[in-house]
Each structure stands twice: as structure tokens, then as C-alpha cells.
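Biologist: Could you take one part of this model and go through it closely with me? I'd like the contacts, the charges and the burial in one connected story.

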Amino acid sequence: MVKRALPLTSMERVLKKCGAERVSDKAKEALKDIVEERAEEIAKKAIRVAEHTGRKTVKSQDIKLAYKG
């Protein structure tokens with residue numbers, strides 16, 4: 001499994017930007033876990049897309065395609 005990289009402060013920032021006045025630590029952790037899990041899924045798909053086209057470099061188009069599909 002990949003080491004998780006997103007800081008809790010970023011999760012709090014997102015929640016507050018969306019209108020939350022206060023955010024519990026458990027809410028930050030829950031959002032972090034979900035976002036990181038989804039990001040890992042997208043990254044793995046994007047890597048497969050890049051490899052399928054014969055590239056080692058993952059490009060933004062690979063990420064976008066992986067997100068849509």
C-alpha cells in the first residue's frame with residue numbers, strides 16, 4: 001500500500017472553503033482517507049493508460065481519462 005501523503009490541514013481547508021465553520025479531527029481524517037483512496041485508484045488507472053500507450057511518463061491526459069473511466 002502507498003504511504004498516505006495528504007495533510008489534515010488541507011482537508012480542513014477544503015471543508016471550510018465549502019462552508020463549514022468548524023471541522024472535527026474525525027471529519028478531517030474521514031475526508032483524507034476517502035480522497036487518498038480515490039486518488040490512488042485514479043493514479044493506478046492513469047499508470048495503466050500511460051503504459052498501454054508505451055510511455056513511462058504519466059501525463060495530465062492520462063489522469064483525466066482515468067478519472068472519467
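**Helix H2 and its partners**

Modeller: Let's start with lysine 44, which counts as partly exposed at 44% relative accessibility. Bear in mind that this is a predicted model. Lysine 44 forms a salt bridge with glutamate 40, and the closest N and O atoms of that pair are 3.2 Å apart. Both residues sit in helix H2, and because they are four residues apart there, about one helical turn separates them. What about the burial of glutamate 40, the acidic end of the pair? Glutamate 40 has a relative accessible area of 16%, which falls under the 20% cut-off, so this residue is buried.

Now go back along H2 to another pair. Glutamate 36 forms a salt bridge with lysine 32, with 3.6 Å between the closest N and O atoms. The spacing is four residues within helix H2, so about one helical turn lies between glutamate 36 and lysine 32. Here glutamate 36 is buried, and lysine 32 is buried too.

Next comes lysine 28, also in helix H2. At 11% relative accessible area, lysine 28 is buried. Which residues does it touch, once those up to four places away in sequence are set aside? The answer is Leu8, Met11, Glu12 and Val23. With glutamate 12, lysine 28 forms a salt bridge whose closest N and O atoms are 3.5 Å apart. Glutamate 12 belongs to helix H1 (residues 8-17) while lysine 28 belongs to H2, so this pair ties together parts that are 16 residues apart in sequence. There's a wider picture as well: Glu12, Lys16, Asp25 and Lys28 are linked in a network of salt bridges. Over the whole structure, a search finds seven salt bridges.

Now for the packing against helix H3. Two packed helices are described by the angle between their axes and by the distance between those axes. For H2 (residues 25-52) and H3 (residues 60-68), the axes come within 8 Å and cross at roughly 120°. Why call that oblique? Roughly perpendicular runs from 65 to 115 degrees and roughly antiparallel starts over 145, and a crossing of roughly 120° fits neither, so H2 and H3 are oblique to each other. The crossing is right-handed.

Who actually meets whom? On the H2 side there are Arg38, Ile42, Lys45, Ala46, Val49 and Ala50, and on the H3 side Asp62, Ile63, Leu65, Ala66 and Tyr67. Sorted by type, the residues of this contact come to eight nonpolar, three charged and no polar.

One of those H2 residues deserves a stop. Valine 49 lies in helix H2, and with a relative accessible area of 22% it is partly exposed. Setting aside neighbours within four places in sequence, valine 49 is in contact with Asp62 and Leu65, two of the H3 residues that meet H2. For a sense of distance, take valine 35, which is 14 residues from valine 49 along the chain: the C-alpha atoms of the two are separated by 21 Å.

To pull it together: through lysine 28, H2 is tied by a salt bridge to glutamate 12 of H1; pairs such as glutamate 40 with lysine 44 lie within H2; and residues including Val49 of H2 meet H3.

Definitions and conventions
Residues are numbered from 1 along each chain as its sequence is written. This is a predicted model: local features need pLDDT of at least 70, side-chain atom pairs count only at pLDDT 80 or more; totals for chains, interfaces and linings use all residues. Side-chain values use heavy atoms; hydrogens and water are left out. Axes are lines fitted to C-alpha atoms, for helices over the stretch in contact, and angles run from 0 to 180 degrees between N-to-C directions. Angles under 35 degrees count as roughly parallel, over 145 as roughly antiparallel, 65 to 115 as roughly perpendicular and the rest as oblique. A crossing is left-handed if the near helix is turned anticlockwise from the far one by less than a right angle, and right-handed if clockwise. Contact means heavy atoms within 4.5 Å. Ala, Val, Leu, Ile, Met, Phe, Trp, Tyr, Cys and Pro count as nonpolar, Asp, Glu, Lys and Arg as charged, and the others, Gly among them, as polar. A salt bridge is a side-chain nitrogen of Lys or Arg within 4 Å of a carboxyl oxygen of Asp or Glu. Buried means under 20% relative accessible area, exposed over 50%, partly exposed in between (1.4 Å probe, protein chains only).
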